[in-house]
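Colleague: I would be grateful for a close look at one part of this model, together with the contacts and surface features that surround it. Please set it within the chain as a whole.

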Amino acid sequence: MSHHQTNTQSCCDHCGDVCSHERVKLEDKVFCCHGCKTVYELLNQHGLCAYYELNEHPGNPQKLNFRKDKFAFLDDPQIAQKFIQYADEDQVHVSFYLPQIHCSSCLWLLENIHKVNPAIISSRVSFSQKEVFLVYQTAETSLRDVVETLSRIGYEPHLSLDEVTEKQVRKTSRKSWLKIGLAGFCFANIMMLSIPDYLAGDQSVEPLIQRVFTILILGLSLPVITYCSADFFINAWHGLKTKYLNIDVPIALALLLTFGRSIYEIASGTGTGYFDSLSGIVFFMLIGRVLQDRIYQTISFDRDFKSFFPIAVHVLKAQTFVSTPVSEVKQNDVIQIHHQELIPTDAILSKGNASIDYSFVTGESMPVSVQKGEIIYAGGKQTGGVIELVVVKEVSQSYLTNLWNKENFTNADKKTNSFVDLLSTHFTYIILIIAALAGSYWLWQGETTLMWNALTTILIVACPCALLLAANFTNGNILRILSQNKLYLKNAEVIEALSEVDTIVFDKTGTLTQNATMEVRYEGAVLTEKLKHQLASVLIHSNHPMSKTVLHFLQVSATPLQEHFKIVENKGIEAWIDEHHFKIGSPDFAHAPDPSNEGSQVCIAADGKWIGTFHLTNAYRFGISDLFRALKKKFRLALISGDNAGEQAVLTEKMGIESDLRFEQSPQDKMAYVRYLHDNVKAKVLMVGDGLNDAGALKASHVGLAVCDDDNNFTPAADGIIHASKVSVLHQVLQYIHAGRRIILFSFGISIVYNVIGLYFAVQGILSPVIAAILMPASSITIILITYGLSQYMAGKYKLA
């Protein structure tokens, strides 16, 4: 291929900029600079020219090419590590903020970036946050190469080490404020210059003054129609090119009609036009959109970055490990991670044998052995004994949220957009038909003024935005309020699922019982100090609530074993200490004679002989009786527990005789029971249980809530995490979620009434275009305020705020 330069002006086929001084040609394509030409050649080479078919001139200007060594600093492992979220010998996970993202072509190109750089395994784009999440092969490319690939196609990442640790609400662009200011200035001056016409009445204004004012008004209206309203025309054109009518199409059409009608009246001498209405429409529409975006961003910020996972991790403070919320973990803190616990942040292994399951991150469940001094990435799960880690990064809760949602993240934005597009398209067709019918009627009646008014105001006043915002903002605020109450849901879809629940299944130990206040009684061989230390050194490796209760009862310091121990799921733990073989767990596992069904038991055996049993008397959480009393009026209740039936009478009294109580259930039994309810009873099951030991049942249920009690009990199988102190308010939570559905329906009703009333006056031609321009954004803002206010009121009513 060859190219040459010429001095005639034309439009760049890549970015759309005017080639004012020189242009670069490549066959039949014209570019404003060599940078744009290079990007086109790169996309053409990899068969990605469909990028240019989705939108006209979708590229970003490339006049300032980056120098070859611009990203050389990323070759420094210490600097690169600050941007890497996960890395192993096979793959690396990173995310970047790309301010250039602006249209569907951007999404298409970034999600097909693997064709440009085959070492990139996957790419997911969050359009609203302008972020891209990339996974690339460790052996085939580097972080620097990935960043340079993005830059070569026109999407240079915004790399700031300050923003690696802190996210902020994206501010409204300076360009948006400039458009609002310019539109407001023109609107005010056009109104002032139109005063003689307003006051003249039946009298005519002096011709010279009229002509001068008309020229000034026309001059002031040109930047409004060409610059300030450009986004409406661009979005409408993009919609038409992709063969659907978005909500900007009728607005753009109304602006063109108003401007064209005004030019006609001035040219024909039949009037002074409606430039005051035109500038007012643009001014108020721009203000409405900025306010709407700011409110949406604020709610998103509260949800994604101010909320926290209600889980804790043990942090070393004053020579003692103290349970600390993950949001308070700092760099260089020493944390302790137990068997099956999630590692909440990047950290270096300092003590213990680490066998890390990265299935939460990569999907591969094969444990990876990590040596002392090596880094362990956030999202990994320890599958061995106790380990100690030194934190190298503060907890990125947005990263954990992204991992949690990765299964439905890929299509989340697409699902939302497809719903919006479908409703908008149908709504726009209806509005265009109504406008055409109303305009035709008034034309047939010979009322041209009413015809123009009807056409313009119908296209502006009718808007589906309020309908679409009702559900989004209500659910967004519900998620925020629930997270403030230490109930963190995976996404908005869980709210809808919770509103459908008709059956609630509870686990007992650790869910309904309060481990710290359990009464412990010991029988058997004398508990010498040496035996206590030996037992504590074994029990510290177990995350079972009863093991933790016994460990607390022993009141001795524990030195975790680094080897020679084994955890037997649903049975207990065994270890070899001082040439003795210990087994601690269920009666049959520890060879206990004549096990009793009175209360929970933790038995001990040494060298194959039973030496003692800890009897635990359950202490139920405060408010559990009131919770069951309220729930059984509306829901089918059940309990599945791995413990014996010693508490059956107590629980039957609390839950009611109609409740299904099942004891001595293995994790497999629990999962099978939930599946039975789903398949045979057709029940919508809410499973409330231990995040680690009930993972199978949580995943099989319609909605799974993992209960944590100042512990790291998070599991990806759950749809939500609830702090143990909030289990007793579960009934209020479910009432609040049902109230949320009513709020959405109420908001829908208001939106429909608004559109009907607006159209009623618009089709008669008696509604001013300026008033219509005020009403359209006002309706959206009203819906936001109504949903926010009602959801806050309901939260207060159910004592959640």
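**From a surface patch to an open sheet**

Modeller: Val753, Ile757, Tyr760, Phe761 and Ile766 form a nonpolar surface patch of about 500 Å². Patch residues have over 30% relative accessible area and no salt bridge, with like charges joined within 9 Å and nonpolar side chains (Val, Leu, Ile, Met, Phe, Trp, Tyr) within 5 Å; areas are Shrake-Rupley values with a 1.4 Å probe, and for residues only the protein chains shown count as cover. This is a predicted model in which local features need pLDDT of at least 70 and side-chain atom pairs pLDDT 80 or more, while totals for chains, interfaces and linings use all residues. Residues are numbered from 1 along each chain as its sequence is written, and side-chain values use heavy atoms, without hydrogens or water.

Valine 753 belongs to helix H26, residues 730-763 (helices, H or I, have at least four residues and strands, E, at least two, as DSSP runs numbered from the N terminus). With a relative accessible area of 47%, valine 753 is partly exposed (buried is under 20%, exposed over 50%, partly exposed in between).

As for the whole chain, it has 27 helices and 29 strands, and 51% of its 801 residues count as buried. About 36,800 Å² is exposed, of which carbon and sulfur atoms supply 56%.

The part I have chosen is an open, antiparallel sheet of 6 strands in the order S19-S24-S23-S22-S21-S20. Strands S19 (519-524) and S20 (565-568) are its edges; each has a single partner strand, so one side of each lacks a neighbour in the sheet. From one strand to the next the twist averages 15°. Within the sheet, S23 (residues 600-606) and S24 (residues 609-617) run antiparallel and are joined by 7 bridges (pairing requires at least two DSSP bridges). Valine 602 faces phenylalanine 614 of S24.

Two helices accompany the sheet. Helix H20 (residues 529-539) packs on it, touching S21 (572-577), S22 (580-585), S23 and S24, and its direction makes about 65° with that of S22 (contact means heavy atoms within 4.5 Å; axes are fitted to C-alpha atoms, for helices over the stretch in contact, with angles from 0 to 180 degrees between N-to-C directions). Helix H21 (residues 545-554) lies across S19, S23 and S24, at about 100° to S24.

A salt bridge (Lys or Arg side-chain nitrogen within 4 Å of an Asp or Glu carboxyl oxygen) links two loops of this region: aspartate 588 meets lysine 571, with the closest N and O atoms 3.2 Å apart. Aspartate 588 is in the loop between S22 and S23 and lysine 571 in that between S20 and S21, so the pair ties together parts 17 residues apart in sequence. Aspartate 588 is exposed, at 52% relative accessibility, whereas lysine 571 is partly exposed, at 36%.

Strand S18 (residues 503-506) points Thr503 and Val505 one way and Ile504 and Phe506 the other, all of them buried. S18 pairs in the parallel sense with S25 (residues 636-640) over 4 bridges, and valine 505 stands opposite alanine 638. S18 also runs parallel to S27 (residues 685-690), again through 4 bridges, with valine 685 as the bridge partner of threonine 503. Aspartate 643 and lysine 508 form a salt bridge (3.1 Å, N to O). Aspartate 643 lies in the loop between S25 and helix H23 (648-655) and lysine 508 in the loop between S18 and S19, so the pair joins parts 135 residues apart in sequence. Both aspartate 643 and lysine 508 are buried.

Methods. Buried < 20%, exposed > 50% of the residue type's maximum accessible area, 1.4 Å probe, protein only.
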